[in-house]
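These are my notebook entries on one molecular structure. I kept them terse and grouped them by topic.

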Amino acid sequence: RVKNSDKGTLAFFSSAMEHEALARMKVEQSLRLAILEKRFCCAFQAKVDIRTEEIKGIEALVRLRDNEGVIQAPGAFINLAVELGLIDELTHLVLDEIVKSIDLINETFGHETTISINVAAKQAANPDFMRPFARALESTGFPKRFMVEVTEDAFVTRSHFQDEIVPLLRGIGVGISIDDFGIGYSSLSALADITADEIKIDRSFITDIHKRPRSQGILRAIESLSEALGMTVIAEGIESFEELAYLQAATKIRYAQGYYFSRPIFLEELKPAIPLASEARMSLASRPVQEN
Ligand code: C2E
Ligand code: MG
Ligand code: MG
Ligand code: MG
């Protein structure tokens with residue numbers, strides 16, 4: 001409650017705002033510097049087949065190494081990168097890292113796995129980014145390995161993304177994945193107008209799914225619609241055995257991601273003894289939940 005007459009409150013309020021503005025400027029500065037110095041790296045999280053425990057694909061999740069060497073998760077900087085118009089450059093850095101690491105990716109996760117890259121809805125809507133990005137994916141020589149993950153917002157109104165970019169990407173063999181499905185603005189029926197290969201059910205529906213009949217109902221609806229539309233379903237954010245057991249027993253969902261299987265991991269972590277794909281599979285499947 002800020003009253004103009006109350007000078008104390010106002011002073012406090014404005015210094016808090018100043019503090020916030022200052023903090024934001026610091027993040028902005030460090031983000032610009034990090035881009036210039038290419039201080040980004042990717043962690044990779046497996047998409048696991050919950051029937052066979054095989055790895056179907058991996059998702060690249062960007063991390064920033066700040067100037068003190070501390071690793072920062074994207075929650076702290078992605079939105080700002082979008083606002084500042086730095087996200088396109090960042091996405092190309094992610095692709096560069098994948099291309100550079102492809103041998104290690106193959107040795108670790110297998111040669112057949114898909115490789116997902118997240119693209120912000122704003123980028124997806126911008127053909128001036130997406131056209132060259134599609135060309136960059138194609139020029140890796142392995143475009144069929146890639147999937148682009150984008151939230152449902154990108155599809156809400158008919159857009160360049162849906163009408164032009166999706167066919168362009170699919171035309172070169174790149175898969176389309178709808179990320180965080182269920183928390184955006186599109187209705188279930190909007191799914192019918194979307195051309196995508198994969199739909200990822202947001203973590204919020206998966207948490208404690210075994211105890212939440214409403215989430216179970218939503219899951220069933222998404223599942224049957226996705227089946228009718230020929231889309232693969234992935235459950236995001238499996239953290240417990242109970243959640244997994246529910247999916248296995250009560251649904252036909254075949255794929256999942258989550259800390260229960262594996263945290264996002266840096267490839268360098270695996271370098272000392274590069275496991276064969278099958279060993280990586282087992283170690284991921286049996287990996288206990290651990291702190292970052
Ligand atoms: P996302 O694409 O939905 O990725 C899933 C996020 O959930 C990741 O967080 C992942 O580490 C986390 N996660 C996975 N399994 C579990 C689990 O079992 N429990 C919990 N609590 N969390 C889990 P992360 O890496 O912090 O990334 C956050 C978001 O940042 C991503 O959400 C994605 O939207 C965005 N992002 C990441 N990398 C990029 C990128 O290169 N470009 C763009 N535009 N966005 C990115
Ligand atoms: Mg994603
Ligand atoms: Mg997601
Ligand atoms: Mg997300």
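The entries below record what I looked up in this model, which is predicted.

**Entry 1: the surroundings of ligand 1**

I began with the residues around ligand 1, of which there are 25. I noted that Arg63, Asn118, Asp179, Glu239 and Tyr259 come nearest.

I then sorted this shell by class. I found 12 nonpolar, five polar and eight charged residues.

Which element gives the largest share of the shell around ligand 1? I found that β2 does, with four residues. I also listed the elements that each supply at least two residues of the shell: they are β2 (55-65), α3 (87-100) and β6 (175-181).

Next I looked up contacts to nitrogen atoms of ligand 1. For Glu239, I recorded a polar side-chain atom 2.5 Å from a nitrogen atom of the ligand. For Arg203, a polar side-chain atom lies 3.0 Å from a nitrogen atom of ligand 1. Ala120 takes part through its backbone instead: one of its backbone N or O atoms lies 3.4 Å from a nitrogen atom of ligand 1. I added the areas here: ligand 1 taken alone exposes 800 Å², and the protein buries 83% of that.

**Entry 2: the magnesium ion (ligand 2)**

I turned to the metals. Which residues coordinate the magnesium ion (ligand 2)? I listed Glu59 (OE), Asn118 (OD1), Glu149 (OE) and Asp179 (OD), at 2.0 to 2.2 Å. I wrote the spacing of these donor residues in sequence as E-x58-N-x30-E-x29-D.

I placed two of the donors in the secondary structure. Glu149 lies in strand β5 (residues 146-151) and Asp179 in strand β6, so the pair ties together parts that are 30 residues apart in sequence. I noted that both Glu149 and Asp179 are buried.

**Entry 3: the magnesium ion (ligand 3)**

For the magnesium ion (ligand 3), I found protein donors from Asp179 (OD), Asp180 (OD) and Glu236, with Glu236 (OE) listed twice. These donors lie 2.1 to 2.7 Å from the ion. I wrote their spacing in sequence as D-D-x55-E.

Which residue bridges the magnesium ion (ligand 3) and the magnesium ion (ligand 2)? I found that Asp179 does, and that the ions lie 4.0 Å apart.

I then set Asp179 beside Asp180. Asp179 has a relative accessible area of 8%, and a residue counts as buried under 20%, so Asp179 is buried. Asp180, at 24% relative accessibility, counts as partly exposed. I placed Asp180 in strand β6. I also noted its backbone: Asp180 has a positive phi of about 55 degrees although it is not a glycine.

**Entry 4: an aromatic pair**

How many aromatic pairs does a search of the whole structure find? I recorded five. One of them is formed by Phe142 and Phe146, and I noted it as stacked, with 5.4 Å from centre to centre and 20 degrees between the planes. Phe142 and Phe146 are both buried.

**Entry 5: helix α4**

Why is helix α4 (residues 102-109) largely enclosed by the rest of the structure? I counted its buried residues: six of the eight are buried, so the helix is largely enclosed. I listed the buried residues as Ile102, Leu104, Ile105, Asn106, Thr108 and Phe109. I also checked what comes after the helix: α4 is followed by Gly110, whose phi is positive, near 105 degrees.

**Entry 6: two loop residues**

I closed with residues in loops. Lys38 is in the loop between α1 (7-36) and β1 (40-49). I noted that Lys38 has a positive phi of about 50 degrees although it is not a glycine. Is Lys38 buried or exposed? I found 57% relative accessibility for Lys38; the cut-off for exposed is over 50%, so Lys38 counts as exposed.

Thr157 is in the loop between β5 and α7 (160-171). I recorded a relative accessible area of 54% for Thr157, which is exposed. I then looked up its separation from Ser186: the two residues are 29 residues apart along the chain, and their C-alpha atoms are separated by 9.1 Å.

How values were computed
Residues are numbered from 1 along each chain as its sequence is written. Chains are lettered from A and ligands numbered from 1 in the order in which they are written. This is a predicted model: local features need pLDDT of at least 70, side-chain atom pairs count only at pLDDT 80 or more; totals for chains, interfaces and linings use all residues. Side-chain values use heavy atoms; hydrogens and water are left out. A residue is near a molecule or strand if one of its heavy atoms lies within 4 Å of it. A polar contact is a pair of N or O atoms within 3.5 Å; within protein, one must be able to donate a hydrogen and the other to accept it, and residues adjacent in sequence count only if both atoms are side-chain atoms. Accessible areas come from the Shrake-Rupley method with a 1.4 Å probe; for residues, only the protein chains shown count as cover. Ala, Val, Leu, Ile, Met, Phe, Trp, Tyr, Cys and Pro count as nonpolar, Asp, Glu, Lys and Arg as charged, and the others, Gly among them, as polar. Donors are N, O and S atoms within 2.8 Å of the metal (3.2 Å for Na, K and Ca); water is not among the atoms, so sites may look incomplete. Buried means under 20% relative accessible area, exposed over 50%, partly exposed in between (1.4 Å probe, protein chains only). Rings of Phe, Tyr and Trp (its six-membered ring) pair if their centres lie within 6.5 Å; planes under 30 degrees apart count as stacked, over 60 as edge-to-face and the rest as tilted.
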